[in-house]
Amino acid sequence: MSRQDGSARQVTRGDVDDTGASILHIDMDAFFASVELLDHPELRGKPVIIGNPEGRSVVTSATYEARRFGVTAAMPVSKAIRLCPQATILPPHHQRYTEYSRQVMAIFRDATPLVEPLSIDEAFLDVSGARRLIGSPAVVGQHIRERVHRETGLTCSVGAAATKFVAKVASGRAKPDGLLVIPPAETLAFLHPLPIRALWGVGAKTEESLHRLGLSTVGDVADTPLATLTRAVGEATGVKLHELSHGRDARRIVTATSEKSIGHEVTFDVDVTDPARVRLELLRLADQVAVRLRKSGASARTVAIKVRFEDFTTVTRSRTFSEPTNVGRRLFEGANELLTVLGIDGRAIRLIGVRAEQLTDEQDAVAALWDPDEEWREAETTIDSLRARFGGQAVRRASLLGRKGNDTAGGTRAPAP
């Protein structure tokens with residue numbers, strides 16, 4: 001969810017020279033919240049928060065009216081309610097979001113085959129080849145906006161520019177429900193007055209380093225010698241910020257995409273101090289990750305864990321296997337080793353997560369002459385078949401069965417972002 005609340009909205013009105021501004025960044029407006037409002041039209045124009053008010057759920061999305069009170073994604077719903085007590089809380093329906101995303105992405109691909117999805121609700125498009133069929137970039141952007149609204153009832157914001165970076169900044173400035181075209185000749189005039197947070201890769205730490213140099217705008221960064229930037233933020237970041245501040249971004253649209261990682265995490269309803277209970281949840285998460293790996297025909301060379309303590313301190317650790325795997329037991333063993341080294345005994349844990357990284361084709365996992373996971377692999381693939389036939393809860397590990405089949409480590413579960 002974007003932090004923008006629409007208060008600084010900037011849109012293109014009337015004719016504009018969009019020659020060369022053929023890269024579009026299209027971002028759905030408050031996507032999850034907007035989908036929910038399709039069933040609650042009486043709440044339009046009012047602050048609405050998507051999340052579960054019970055337990056320790058976090059905000060999935062919020063309308064722009066709620067964002068103006070400081071509500072942001074991943075914020076605890078309890079805090080969001082304190083910031084905006086008049087907001088209506090609606091539960092999320094992730095399957096609906098997926099279906100609407102498919103519709104929207106299909107509309108994008110009808111305009112051009114050069115579509116690079118970034119997430120469920122945003123994508124880059126190269127519309128340089130759509131001029132003859134639809135029109136100039138501005139016309140294409142407006143055509144897509146109108147079609148999305150007509151066919152789904154949702155709105156989107158479009159930025160058009162010569163580069164990905166500038167197009168993404170422009171779409172953010174156009175929110176909500178706007179179109180902003182940045183002609184190549186006006187790129188620097190658009191970028192330089194913006195705060196340095198507008199630059200990709202500038203988080204709180206980098207922003208602090210740049211502020212120590214007396215820099216506060218993108219223009220300030222552009223005027224700073226490259227050597228000075230690299231001394232302050234490192235060579236890689238310094239070079240990137242130097243290029244972006246001058247409007248330079250050589251990346252092209254990449255249409256072939258594959259998952260770079262697969263993860264699941266859980267936020268406990270109450271902080272957990274029992275290591276055995278944490279490890280039980282770790283096993284459950286490892287199984288879920290393994291199932292998704294096998295469904296996508298992938299294996300992982302690396303397993304990582306994420307642990308968030310009661311004070312919101314968050315740490316991650318990872319290890320690489322000698323051979324890639326998509327076996328839950330192997331992922332759990334690696335994750336458990338990481339947890340042991342981390343030393344959690346006695347510490348209250350708020351969230352735990354497991355992620356498979358460095359994904360490769362599944363065949364790599366069984367290409368070796370000797371497969372150390374052979375027995376577990378056979379058992380888990382058999383379970384996959386039984387679940388496919390009788391349902392996802394038909395077969396479970398005995399260690400994961402609580403009293404009367406209930407979860408023994410309650411919490412809010414979701415695929416990791």
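Angles under 35 degrees count as roughly parallel, over 145 as roughly antiparallel, 65 to 115 as roughly perpendicular, and the rest as oblique. Keep that handy for the first two exercises. One caution before starting: this is a predicted model.

**Exercise 1. Classify how α8 and α10 pack, and say which residues meet.**

Solution.
- Start with the geometry: helix α8 (residues 204-212) and α10 pack at an angle of about 130°, with their axes 9 Å apart.
- Now apply the classes: 130° falls in none of the named ranges, so α8 and α10 are oblique to each other.
- For the hand, the crossing of α8 and α10 is right-handed.
- As for who touches whom, α8 brings Thr206, Ser209 and Leu210, and these meet Leu229, Ala232 and Val233 of α10.
- Sorted by class, that contact holds four nonpolar and two polar residues, and no charged ones.

**Exercise 2. Do the same for α10 and α11.**

Solution.
- The axes of helix α10 (residues 226-233) and helix α11 (residues 235-245) come within 7 Å and cross at roughly 135°.
- That angle makes α10 oblique to α11.
- The crossing of α10 and α11 is right-handed.
- On the α10 side, the contact uses Leu226, Leu229, Thr230 and Val233, while α11 supplies Glu235, Thr237, Gly238, Val239 and His242.
- The contact of α10 with α11 splits into four nonpolar residues, four polar and one charged.
- Look back at Exercise 1: Leu229 and Val233 of α10 turn up in the contact with α8 and in the one with α11.

**Exercise 3. Lay out the five-stranded sheet and find its edges.**

Solution.
- Write down the order: β5-β6-β1-β7-β8, an open sheet with mixed pairing.
- Check the ends: β5 (115-119) and β8 (179-181) each have a single partner strand, so one side of each lacks a neighbour in the sheet.
- Ignoring direction, neighbouring strands here are turned by 15° against each other on average.
- Zoom in on one pair: strand β1 (residues 23-28) and strand β6 (residues 122-126) run antiparallel and are joined by five bridges.
- Within that pair, leucine 24 has leucine 125 of β6 as its bridge partner.
- Then add the helices. Helix α4 (residues 94-111) packs on the sheet and touches β1, β5 and β6, its direction making about 155° with that of β5.
- Helix α5 (residues 137-152) packs on the sheet too, touching β1, β6, β7 (156-161) and β8, and its direction makes about 20° with that of β1.

**Exercise 4. Repeat the edge analysis for the three-stranded sheet.**

Solution.
- This open sheet has the order β3-β2-β4 and mixed pairing.
- β3 (61-62) and β4 (88-90) are the edge strands; each has a single partner, so one side of each is left without a neighbour in the sheet.
- Strand β2 (residues 48-50) pairs with β3 in the antiparallel sense over two bridges.
- In that pairing, isoleucine 49 stands opposite alanine 62 of β3.

**Exercise 5. Is threonine 187 buried or exposed? Which residues does it contact?**

Solution.
- Place it: threonine 187 sits in helix α7 (residues 187-191).
- Test it: the relative accessibility of threonine 187 is 9%, and buried means under 20%, so this residue counts as buried.
- List its partners: beyond its neighbours within four places in sequence, threonine 187 contacts Val166, Ile182 and Gly247.
- For context, 46% of the 417 residues in the protein chain count as buried.

How values were computed: Residues are numbered from 1 along each chain as its sequence is written. This is a predicted model: local features need pLDDT of at least 70, side-chain atom pairs count only at pLDDT 80 or more; totals for chains, interfaces and linings use all residues. Side-chain values use heavy atoms; hydrogens and water are left out. Two strands pair if DSSP finds at least two bridges between them. Helices (H or I, at least four residues) and strands (E, at least two) are DSSP runs, numbered from the N terminus. Axes are lines fitted to C-alpha atoms, for helices over the stretch in contact, and angles run from 0 to 180 degrees between N-to-C directions. Contact means heavy atoms within 4.5 Å. A crossing is left-handed if the near helix is turned anticlockwise from the far one by less than a right angle, and right-handed if clockwise. Ala, Val, Leu, Ile, Met, Phe, Trp, Tyr, Cys and Pro count as nonpolar, Asp, Glu, Lys and Arg as charged, and the others, Gly among them, as polar. Buried means under 20% relative accessible area, exposed over 50%, partly exposed in between (1.4 Å probe, protein chains only).
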